[in-house]
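Here is a friendly round of questions and answers for you to work through. Keep the viewer open as you read.

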Amino acid sequence: MSSETSNYSQTRNATPSQFPRISRPVELLRSSYDVVVIGSGYGGGIAASRMARGRQSVCLLERGHEKWPGEYPVSLADAAKEFHVSGSFAPNDSKGVYVEGGSPTGLYHLVVGEGQNAFVGNGLGGTSLLNANIFLEMDDGVKEMAMWPKELRDKSTWDKYYSRAKKMLEPEPYPADYPEIPKLTLLQKQAELLGQTKNFYRPPQTTRFVDGPNSTGVEMNATTLTGQDATGINDGSKSSTLVNYLSDAWNWGAEMFCGCEVRHIENHPTGEGYIVYFAWHGSRRGQFKDNIYKDLMWVHAKKFVFLGAGSLGTTEILLRSKNMGLSISDSIGHNMSGNGDILAFGYNTDFSSNSMGNPAPSPTNPVGPCITGVIDCRDQENPLNGFVIEEGTVPKALAPLFQFMLESLPGSIAPTGRSTIEKIKSVFARLGSQLIGPYYSKGSIEKTQIYLIMSHDSRSEHAQYLNALLAKATAAVGGTFVQSPFYAALGQQEITVHAIGGARMSNDGTGLSGATNHLGGVFKGHGSDVHEGLIVCDGALVPGALGVNPFATISALAERSIELLAKQRSISIDFDTKNGVLDLFGRPAFPVLDDHTIEPAQSRTSRATINRTNGVEFSEVMSGFIHVAESVPEDFEVAAKIAQSKGEVANCFLSVKTYNTTELTHDPTNTGLLTGTFSHSALHGPFMIHRGSLQLFSVDSQQSDTNDLVYKFSMLNPSGEVLHFQGYKIINNEVTFSPSALWNATTTLYVTITRLVPTGTAVVGRGILHIRLSDFLSEVKTLQTNGGTTLSRIISAWSFASFFARNSLKHFLAPLNPLSYPTPTYSDFINVTPIAATYTLTATDGVHSQLYQYNPDQKYVASGKPVQTILFIPGASVDHQIFALPTIPRNAIDYFTAAGYRCYVVVHRVGKNIAALKGYTSFDARLDVRAAFEQIHAVQNSDHGAEPSKIYVISHCIGALALGMGLLSGSIKKDWIKGITTSQVFLTPKFSGQNVAKVYAPIRLTTLWSLFANSSWFDTRSSSESSLFQRAVDQILRLYPVWIRGGRREFCSSSVCHRGSLIFGRLWCHENLNEATHRQLDRFLGGISMRCLQHLEDMGQETIARLLRHQLLRRIW
């Protein structure tokens, strides 16, 4: 015994990774299974085990969580966290008031009602985790009652299935060679005093009394006799369904998911089985109170749905399903029973009972299992008069409140005829418990017997008789009889731990007298037709009180129904193959489903468990408008406005889970796993989202200084339609110094929905989703860490929070970021357009420049169509790459060569050319343009031996000025030109406001630069090794506005971008520059001489003066 006490202590100090987990994360849920089992008590556990052994793919959904010995609460504070209360609170026959509180997935669920209350368990194993383990069959009189279907009224029908359940559950009485149990001894004494000695015995129970593997192969411990059954046994001796039927189901391939509260069931749209809708409570999704029960998840059951959620849970699901349109008999929800349960107390008797649960009891004075003895009074002429009396325990969590409750309840019956000495002893016993505590060996609490009665319902006189009998038994041992707090304080209400019925079996095979047939099939209405494959398999089937602990009968019913249903579907259940000793930390021995579809996600979860890495999880709700049509605008804003006008509302309820915070914050390709739902008013949903991805702050390759939060997932609706969702939250430097802009960026998702078609991908919808402020506040409450130790989780939380803040502040405080300087390496040159030929030009003044030739696409040439020629003339400080940009998928040269043009690009003396250092101007560059024409003519003459053809010209900025000056000066003949397209300027330079300010400044920029830099050259490239003056210029330019648009400034950290904007003014809009281009601007942008720049300033000043004179003359005229 002492070794078991030590084992308890070690278990309580265990870390989560030391406990098995046979349930799976919901992230690994598949969309479809052969069988879906709802609930995991005796009925649900049996259904899962037998169907898995029948080689069916099985999904089990459980509302509560998985807990193994060592994880059950002991203290009141811990137990309170697992408490849930709901129902209509109606004390003293008052009008009921609906109450709801606590954790909806809590282990302990008190359901209050008008006249009847119930206590049930939520967890993987259902109420079997908390029951008293007593395995008693119905007596023959109850078996033969007319409430049963005719198929079950023959008592021999039951024997096979009781035996099968016994074989699995292995019940046995409290051993004679085990330590004496005071409460058992006291109950035996009370039986003698009541004249019921012949009816007293030790009932079989599913508590383990020896170490070793059970029938399923799960290693079990012998009981340490803690009496903690009602809150969960931590010593590993309780044979709940978790360690038998469910572990067996796991080993045979069943997949179990916790935190899944089934809400309703509907027929599958194609008629193949059913859709089971459930609210998933994982990732703290319950913080979104408006969404948790509205945006439901679902799973498809192709053959069977087994309802094993307990009498209350199953009945509620079926009633809700009926309200949602599923045709069901009107008998559903009627004739429920509390199984005649009565709870009462024999307070402060003359004998020790030692009924207070103790997680580590003394080996010489153990508490015992919750129930060890029974006074069985069921052998009655009228079976409805039968009942059993059993003793019980109170768990340690309630011990501090127990005495106060007993002494505060009204209606207690004190013993009479007590001597003065006996009365004094009683008083001192009370005082001892009050002062020393409930475990004081001579105190009133240690001498209190707990009574549990199971009988039959709906007869108040019988209930009064039973209470009187308990009062007599209590008085016989010198105690005060105290009824349950529900009976005493709430107006003779009852509390049951054995709620049964609600979907009772019909005794005539039709829906007129019950909700289900003899196999648990749910009637479609009042006739005999049932929903094929929709089966109730738990206590909801039982048509009336049994007068005894019901789980043996529930197990037998489930074993029978499932065997017969399997035969109807030609499913062969393997009852014979033994598991051997199970390794619950390993993998199932007989998996049904191939894991390849979920292998990546499963691998991530497995690695996290094995390595005990820390991750982060949270949930979020986004809502907005998405326009769905055959032709959808490309502009997100336009699409969203159209959707809003049409009422096309969309809602997305997602949970994000990461498994390694270190990888997430250091590896930009690492993603979080997305699970949830998507709904849209114009699409047939709801859509389930399985194993999507969220990439946080990925670098946007299409836009400079931009990070995206990228959502990608496929989604499936109940009809089998698959759509693909891609969304972006775009965070860039437009949020600089603007909290409102940062909020909008981090809460706005630009969405595109597509589907696969034979020709590729078709856009289904486009629009925008937002996170509302109220939903954001809920989202913050869902943030939590998982895995590892407490300290490592704290570190993980800090790491994630700082990662998110750092990446957001990078844009919010963009001007304060470290400057980005040119690097010597090239990267992301994704499209290097091949150069056909390079010519060195020599102008008439002897200056050299370059001409690059790009040939037309060979397919075009082969077509025999004529080839045209284009000459490109770039601006200042750039070269041929400005038209053949290698960092974008398709540049200008690609476009024109594909269209059949032979393209030439001249890099003149004021471009990105070594000659530019000598201070040439755009007027000088006209000579290079002339030389380019002449070289092209020479090539044409050489290739074709004919007169050169005219050339089309595309010129930009200073290149356009050079072309214009060449035409005006006669250096370039107009007969050479077929046509001209020019950009930015041509013959009349017009300056932006910034550049006008530079021109009319008291001291020109060129003068200041020559003075302070002591140089006639301005280079857009600098480095951290540049001179102090150059580095100072870079720091000053941090706040230089690249472009003012709508009151917003564009900022970046590129020193090249700052310098280019200073010298030339606005060159680009950042949203039009992809990341690779912006990062490598130094590859494409060079410098300019002060002489060339001054020439530009002079031209601009003269242009402005002419415009002013022209406007003045117009006004005078």
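A disulfide here is a pair of cysteine sulfur atoms within 2.5 Å. This is a predicted model, where local features need pLDDT of at least 70, side-chain atom pairs count only at pLDDT 80 or more, and totals for chains, interfaces and linings use all residues. Residues are numbered from 1 along each chain as its sequence is written, and side-chain values use heavy atoms, with hydrogens and water left out.

Q: What does the disulfide count come to by this rule?
A: A disulfide is a covalent bond between the sulfur atoms of two cysteines. For Cys-377, the closest cysteine sulfur is in Cys-370, and at 19 Å that is too far for a bond. By the rule, the number of disulfides comes to zero.

Q: Is Cys-377 buried or exposed?
A: Let's fix the classes: buried is under 20% relative accessible area, exposed is over 50%, and partly exposed lies in between (1.4 Å probe, protein chains only). Cys-377 has a relative accessible area of 5%. That makes Cys-377 buried.

Q: Which residue of strand 18 is the bridge partner of Ile-342?
A: Strands (E, at least two residues) and helices (H or I, at least four) are DSSP runs numbered from the N terminus, and two strands pair if DSSP finds at least two bridges between them. Strand 15 (residues 342–347) and strand 18 (residues 449–454) are antiparallel partners over five bridges. In strand 18, Ile-342 is matched with Ile-453.

Q: Which strands are the edge strands of the open sheet of six strands?
A: The sheet runs in the order 8-16-17-18-15-19, with antiparallel pairing. An edge strand here pairs on one side only. The two are strand 8 (200–201) and strand 19 (480–483).

Q: Is Lys-143 buried or exposed?
A: A salt bridge puts a side-chain nitrogen of Lys or Arg within 4 Å of a carboxyl oxygen of Asp or Glu. Lys-143 makes one with Glu-137 (3.9 Å, N to O), and Glu-137 is partly exposed at 24% relative accessibility. With a relative accessible area of 3%, Lys-143 is buried.

Q: Which residues do salt bridges with shared partners join into one network?
A: For contrast in setting, take the pair of Arg-263 and Glu-261, whose side chains meet in a salt bridge at 3.0 Å, N to O. Arg-263 is buried at 14%, and Glu-261 is buried at 7%. The network formed through shared partners consists of Glu-137, Asp-140, Lys-143, Lys-155 and Lys-166.
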